[in-house]
Each structure stands twice: as structure tokens, then as C-alpha cells.
Amino acid sequence: MHHTSRQLLASLAATFTLLLAAGAARASGGDGYAQNSFVPESAPTTKDLPLYASGQIGVVPGSYWRVYQFLAYRAASGQPLTPAELQSLDIQGWKIGAIQGDSATNTEATDPYTAWLAVRKKIAGAAPIANLAVTKYDEVNYVEILNCADDALRRASITLAERLQSGGLVWAKVWLANQDAVFANCGLVTRVRSGKPKPASPMPAALPGDAPAWLRRDHAYQTAAALFYAGQFEAARQQFLTIAKDKASPWHSWGEYLAARSLIRKATLDRGEPNPSNAEYTQAEDKKWRSQLEQARTELAAMVATFPQAQGLLGWVDARIRPQARLAELASTLHTGRFSAASPRQLADYLLIWDAVDGPASQAQEPLTQWIAAMQGDRKMGLAAARQGWKAHGEPLWLMPLLAHAGAGELNAEEWKAAAAVPSSASAYVHLQYHLARLEVTSEKSVDADARISTLLQQTEHSVVTRNRLLGIKMLTAATREGFFQAAARQPAEPDTVGPITSEKTTNETTKNEAAKDTSAKPVAPASTPVATDGDYPRHLFRHFSLAELQKARPLAKDLQSRPLADVVWTRAIILGDYSVADSVTADVMVGRDTTHHLYRRYLDAKDPVAKRDAALLILANAPEFNANVGGDAWGCAVPVSPSADTDALGAAWPRFLSPEARAQATSEMQKLRALPKRSDYLGPLLLDYAQRNPGDAEVPKALHFFIASTRMECNYGDKPKRQKSFSQQAFERLKKRYPGNEWAVRTKYYY
């Protein structure tokens, strides 16, 4: 369903041929309105919907889909949804309500097309079914639209059965032949605007002179329906207006409504695409489109009192020609009170209009829209809007966006006191307590934050998503190293049903055994099933832990992250020249890397820093996956800047257990790592120098080959002017000139 109420679609059973409401997301003819609303990746799971509806909203980020913002608003304002009301929304992934014409929920017994075929079998001598498959979709400007909805098939089945019973087999057969002609127009490519001639539109055949009156009235309606499906909207409109004047027709009450519907469909599908090179054309098309919809709106508004079904279509029109006003009407209806049959469609329209028009938040006067806009606005705008809402309403509801946007020191004493005083029974309680703790962390009051979060974790049941967010604070406030890693372990919101990739057990065991034979190598097998973490864990681990702290962390982190941590420690140790640390993790790093096992052996056998560096250089050249990980970006892309308090206050906060000395050491090391150039600019000069000094080393051609190949994966930032040779080009020339027949030189086709 698209833009019209479910109540309207229920009423459509009174017709048997015509799609009266736009169906799937494609049915609007590409007018810029998509089905419902965008869902960001950070959305909670559908398992959280009942919690949100009932008032257990937990922590509500502004990034969540507005369905969740709406549910949170209702709950926090004292109007949670009942289970029945939530069920009526029929939220399935990214949409609200079933899409009209979507057969995914149809079963063999209830499928409208199956029912249609079943009733046709009762008409002896009817045309063969194989020639009458009903294609529900038409094409407009090469965009598929839903032309004939399931309701058309359902009503056709009902009407044919009625006509067979009341009119007899002979005339029912005539009726069926005409209905087949109607449905033949459903899937014709009738309105492609590319200069192609339209195919002939099948029309119901003329009736015999002795046809009964009921059949003549049905024939008039079938003809109007066929014209509509064929895209001849003006002719269909005039035919429907004629039917409206025939008080004896069973379809006359629908005549004016369907005439307006024809005008709307014509306006929507005839509207040309914006033409950047011809502004006058675009303006003229828009003016014509608006004029037609305004006319349809006038007609629909005049019939609402006597024909309630017009209200839904009126809303469809208003969403396009007066979206701000319609958004306000919907917000006023949705923000409080019990749900009605129309509420699901109203909510879908509300979300849809918000996505399709500009500036609804800045112009809104309704609390619902103002609150969601405050939750989802940028920090400065959201903070100002929330503070204004709090002053105007004085409800805990408005403290939610206020605290979500506030930074350290930005809450006044009154606001802090009010947020802290919200009782645990309130829907906003967990959200407010979380942000109070966040502000305490960023204000260097981690002891207070730890007490607050610990109480919260113990006293209340939480959704998986909210509990993970609380653990993100706990990870920073934990007084011990062990507490940090305990809080780093998280439960996936959506567990992966696919099993882990089977490791190459034989290869790994062989490598471990070989390494174990040497007294200097004591490999540790990686964890078979690492415990899940969130993105905050590696950010703090690699941003705030010195090499010494990373070494201490390895036993505690082994179930959370094994090889990646060892890889980072090894890479950083090599870059910082701390070969004792690198030696201690080499056995773990070499597990499973059979093709370069000998290079690690060479590194472990090296006796002095220069030999260590040279041996490590060959490993780095062969292993582009090694990354110093100074902030999560691949080594070779832009070095991330230090986070600011405004954009990543929690990310910049130090874990509580780290001593001042540990913080100073981590800061010193991070400054050196952040000063690194991209990978090729760091590795290239060293590798070329080694190749110059050791031309007979059989590992040099291979190292040059893999170095050249790895540069193709780098981001292009800070490159030297093109007139200077890149390190990749220098390596390529050395490889081709010095080792012309070598297999690695032959494999290397180009340097770019």
C-alpha cells in the first residue's frame, strides 16, 4: 500500500476492476515518494519493537528509524501502544503495513489470481486460461508500476459468481469475455514516452441488442476500467462521470471518486522528469501537475461527507501538494490518543512525507515533529530545540534530546537535577541515566559514572542493544583492567546464524608444531569462537593502550580478539623499534601463515636491531594486512585525526584504570604512529634501500612484487607530484631491470 489508508483499501472490494489506490512503492510513477522511511544501519532489531511500544525504550539514539522515535515519544509522553496497536502497524523490516499487490503473504488457497481462475472454470466455453494470465504491472518511462491490484481480481471473482447466479450462464459468459479484455490492459506497456507507438488497447466488445440492463451497466463500468488500465485517463474520467449520473447503476456512487482517481493517475504519470537544461519545461510540467491535483482535491473534498473513502485519497493528494500542512495534520492525530484503523497508514504517510519534503522540522509546530527533529538534529540545533521544548513543556520527554546532545558542562544545575530526579518507573529513565553517566565520564567523574551505570545494570532488564550501550560506559569506568575487558564483551543484537568459517586445522597445527620446536617460539592457538564486541572496544584498545598495556591485555583479550591484536602489537613494535615486544608475539603472528613462515624464522634468528628491522621489512612487504591501527583505518588511507570532544567525547575518554604514566606513554607512542606516512611512503624507501644493499637475496623480487601490488589498494592522499616517480614505479623498474627472468618480475605487469 502506498500513501492511502488501510481503511480505504478495505473498501476497495466494492469495485472489481480498478486499482483505486497506488499500490507498491513503484505505483506513484516515480514521483519522488518512496515506500515509508529510510532505515539506517544503526537501527535496533525488530525484537525491540514490543519493548519500545510498551515503554521499555532504553537508550534511544537519534540515528534510529523514526518508527522507533515515534514509539519512544508515545511511551515517554505516557501514551504507549498496546500489543494490538503495535501489531496493526505490521512493521516488516523497512516498511509499515503490507504493500498492496504483494503476493508474498498470499497462500495457495487465498491467492486472488487462484480464486479468479477457480470461478472462471464455472463458465463453460470460456476462453482458455493459458491465454489470460493477468500481469499486474505496467511500465511508465521504463519504470514498473502496479496497475491492477489484487483487489481487482478479488472483486472480479465475487462479481462473476454473482452474475452467473442472477443473470445465467449465457450472459455471464459475455460478462467474462469483457472482463478478460479489461485485464488484458493490466500489463501492456501502454505509456512509454519514447516515441514508440502504443499497442492497441483491448476494449470490452459491443453488447448484443438484447443484452439485459444489468449487463449494460456493468459494460459501461468495464469500459471505463479498461480505459483506465490502458492509460487513457481522460476518456476513463468522462466515462466514470457518466456512470456517476446513472442512479440505477450499481457503480454510480463510485463514479465521481473514480473520475478524480483518473485525474490523479494522469497527473502523476504524465508529469515529466525534471529537465536541468530546460527550466521552463520543468516549471510548466510542475504547474500542470499541481493544477490537476488541485482539481482532484477539490472534487474529493466535496464528496468526503457522503463518500468517506475519498478521505484516504485526499490525504494522498495533500501529501504532494501541501506536504507541510498534511504533516502537521498527521502529527496532531498521531501524537496522542488511541489508535484507529487509519492510524497505521497515517503513520506511514507521516514518515514518508518527512522523508520527501524539505525542512519539516524547522517549520513544525506540533510537539511530535518538534521532538523527533530535536532527537535527530545536529548537536547544536538539537540541543537548542530540546532546551526550548523543555522550557515550554517541562516534561521528562524533552530532557531526552537535551541530554543526548549535551556535552560536558553544558547542562545547567536545574536541568541536571530534573534529569536525575526522573523516577525509574518512567520510560525516559534509562535514557537519561545513560547520558548522565556519559556526561560524568566526559567530565572526568568516572567514579560517579561507574556507580550510576552499575546500579542501572543491576536494577533493570534491558534490551540487548541498550545493555551493550551501558556496557560501553562501564568499559570506561571500570576500576580494573579485568573490568575493562569484561565490559568489552557484548551480545550480538542479531546473532549470526551462519557458522564460523572452518579454519585450516592441518595447516595451523603444522605451523604451531613447527614453531613449538624452537625454544624462542611459543605459539598460542587463536580462540575458536571470539566473543562479540562493539566498535568502541578496538577504538579504546588501539587509541589508549601503549605497547606495554597491549601486552598486558593479550591474555584478557584472547577470547575477544586474538590474531588481530597480536598483529597490531607486532606491527607497532616493529615501527617503534621495540623488538623485544615484537619477539614475544611473533609465534602467535606466524600461526597459519605457512608461505611466509621462513621469514618469521629469519626474524627470530636475527641478532641485532638492523637485522631485525630488515627481516621485519620483508614480512611487512609480504603482508599488506598488517596495520598499525591508529584509529581503525587501513594503513594506506588518510591518517585519522584525533577525535574532538564535540564529535567523539566518549571515544576520547580514557579508560579509568589506566594510570597517568600509562596514558602518557600511550600518548607519546600514538603521536609517533600518527606521524607515519601512508604505508607505501613508509615502506618504499626502506625496501628499496634493502634491495640495493642485498641484491642477491632471493626474497627481494617477491617482496618488490607484493609491495607494488599492495599500493593499488591504497587511498590516494598526499601523493608526491606526478613528475616524481612513485615508490611503486621505482620498485617496478628495479624489479624489471635487476631480475628480468625472475618469476615475480614476470608476474608484475605494471606498477599502477
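At what angle do the axes of helix α30 (residues 609-622) and helix α33 (residues 679-693) cross? The points below address this and related matters for a predicted model.

1. Crossing of α30 and α33. The two axes come within 10 Å and cross at roughly 125°. Angles of 65 to 115 degrees count as roughly perpendicular and those over 145 as roughly antiparallel; α30 and α33 are therefore oblique to each other. The handedness of their crossing is left-handed.

2. Residues at the α30 and α33 contact. Helix α30 contributes R613, D614, L617, L618, L620 and A621, while helix α33 contributes R679, L683, L686, L687, Y690 and R693. By class, the residues of this contact comprise eight nonpolar and four charged, with no polar ones.

3. Overall composition. The protein has 36 helices and four strands. Of its 752 residues, 51% are buried. When contacts between residues at least 6 apart in sequence are considered, 69% of them join residues at least 24 apart.

4. Salt bridges in total. The count of salt bridges comes to 36. Three individual pairs are discussed in the points that follow, together with one network.

5. R326 and E329. These residues form a salt bridge in which the closest N and O atoms are 3.2 Å apart. Both belong to helix α13 (residues 323-334), where they stand three residues apart and are thus separated by about one helical turn. What is the burial state of each partner, R326 and E329? R326 counts as buried because its relative accessibility is 13%, under the 20% cut-off. E329, with a relative accessible area of 33%, is partly exposed.

6. The network around R326. The pair in the preceding point is part of a wider arrangement: R297, D318, R322, R326 and E329 are linked in a network of salt bridges.

7. K474 and D450. A salt bridge joins K474 to D450, with 2.8 Å between the closest N and O atoms. K474 lies in helix α22 (residues 464-477) and D450 in helix α21 (residues 446-459), so this pair ties together parts that are 24 residues apart in sequence. Both K474 and D450 are buried.

8. Surroundings of D450. Which residues does D450 contact, leaving aside its neighbours within four places in sequence? They are K474, T477, A478 and R656; K474 is also the salt-bridge partner of D450. The relative accessible area of D450 is 14%, and the residue is therefore buried.

9. R554 and D588. The side chains of these residues meet in a salt bridge with an N to O distance of 2.1 Å. Because R554 lies in helix α26 (residues 547-557) and D588 in helix α28 (residues 579-589), the pair ties together parts that are 34 residues apart in sequence. R554 has a relative accessibility of 18% and so counts as buried. D588 likewise counts as buried, at 11% relative accessibility.

10. Summary of the pairs. The salt bridge of R326 with E329 lies inside helix α13. The salt bridge of K474 with D450 connects helix α22 with helix α21, and that of R554 with D588 connects helix α26 with helix α28.

Key:
Residues numbered from 1 in each chain as written. Predicted model: local features only at pLDDT ≥ 70, side-chain atom pairs only at ≥ 80, totals over all residues. Heavy atoms only, no water. Axes fitted to C-alpha atoms, helices over the stretch in contact; angles between N-to-C directions. Helix = DSSP H or I, 4+ residues; strand = E, 2+ residues; numbered from the N terminus. Parallel < 35°, antiparallel > 145°, perpendicular 65-115°, else oblique. Left-handed = near helix turned anticlockwise from the far one by under 90°. Contact = heavy atoms within 4.5 Å. Nonpolar A, V, L, I, M, F, W, Y, C, P; charged D, E, K, R; others polar. Salt bridge = Lys/Arg side-chain N within 4 Å of Asp/Glu carboxyl O. Buried < 20%, exposed > 50% of the residue type's maximum accessible area, 1.4 Å probe, protein only.
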